[in-house]
Amino acid sequence: MTIKTRNRTSSTVPFGYVLHPENDHLIVENAQAQKVLQELREKGRTLSLREASRYVEANTGRKLTPRGIKKILDRSY
């Protein structure tokens, strides 16, 4: 299995990624968070942003605002 990495472009690591353990200039996908994001995308607009925020917190332990969820879902990598 290959590890998907991206160049780090800011000081903040985006949701769904973690810092590469050996290189601070790279970020690596976080499998658990990526799975949750995929589930949210598949559910489409059946969940409100507030419900999606609660879903993310329940499944990853990370708190995100509804606005933060919208930004993440609108982003396409």
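**Helices, salt bridges and sheet**

Me: What is the relative accessible area of Asp74?
Reply: Asp74 is partly exposed in this predicted model. That class lies between the buried limit of 20% and the exposed limit of 50%. The relative accessible area of Asp74 is 48%.

Me: Which residue meets the side chain of Asp74 in a salt bridge?
Reply: The N to O distance of this salt bridge is 2.8 Å, where the cut-off is 4 Å. The two residues are 4 residues apart in helix H3, so about one helical turn separates them. The partner is partly exposed, with a relative accessible area of 29%. The side chain that meets Asp74 is that of Lys70.

Me: How many salt bridges does the structure hold?
Reply: One of them joins Lys70 and Asp74. Another joins Glu39 and Lys35. The number of salt bridges in the structure is 2.

Me: How far apart are the closest N and O atoms of Glu39 and Lys35?
Reply: Both residues lie in helix H1, 4 residues apart, or about one turn of the helix. Lys35 is exposed, with a relative accessible area of 54%. In the salt bridge between Glu39 and Lys35, the closest N and O atoms are separated by 4.0 Å.

Me: What distance does helix H2 reach from its first C-alpha to its last?
Reply: Helix H2 takes in residues 49-60, a run of 12 residues. The expected span takes 1.5 Å for one less than the number of residues, and for H2 this comes to 16 Å. The model is close to that expectation, with a reach of 16 Å.

Me: What arc around the axis do the buried residues of H2 cover?
Reply: The buried residues of H2 are Ala52, Ser53 and Val56. They lie on the same side of H2 because the arc they cover around the axis is only 105°.

Me: Which exposed residues does the face of H2 turned away from its buried side carry?
Reply: The buried side is covered by elements that include helix H1 (31-43) and helix H3 (66-74). The face turned away from that side carries Arg50, Arg54 and Ala58.

Me: What phi does Gly61 take?
Reply: Gly61 lies in the loop between H2 and H3, just after H2. The residue is exposed, with a relative accessible area of 60%. Its phi is positive, at about 85°.

Me: What is the order of the strands in the open sheet?
Reply: The sheet has 3 strands with antiparallel pairing. Strand S1 (5-7) and strand S2 (17-19) each have a single partner strand, so one side of each is left without a neighbour in the sheet. S1 is joined to S3 by 3 bridges, and 3 bridges also join S2 to S3. The order is therefore S1-S3-S2.

Me: By what angle are neighbouring strands of this sheet turned against each other on average?
Reply: Neighbours in the sheet pair in antiparallel fashion. With direction ignored, the average turn between neighbouring strands is 35°.

Me: Which residue of S3 stands opposite Leu19?
Reply: S2 and S3 form a hairpin with 6 residues between them. Within this pairing, Val18 has Val28 as its bridge partner in S3. Arg6 stands opposite the residue in question, and so does Leu19. That residue of S3 is Ile27.

How values were computed: Residues numbered from 1 in each chain as written. Predicted model: local features only at pLDDT ≥ 70, side-chain atom pairs only at ≥ 80, totals over all residues. Heavy atoms only, no water. Buried < 20%, exposed > 50% of the residue type's maximum accessible area, 1.4 Å probe, protein only. Arc of directions from axis to C-beta. Contact = heavy atoms within 4.5 Å. Pairing = 2+ DSSP bridges. Axes fitted to C-alpha atoms, helices over the stretch in contact; angles between N-to-C directions.
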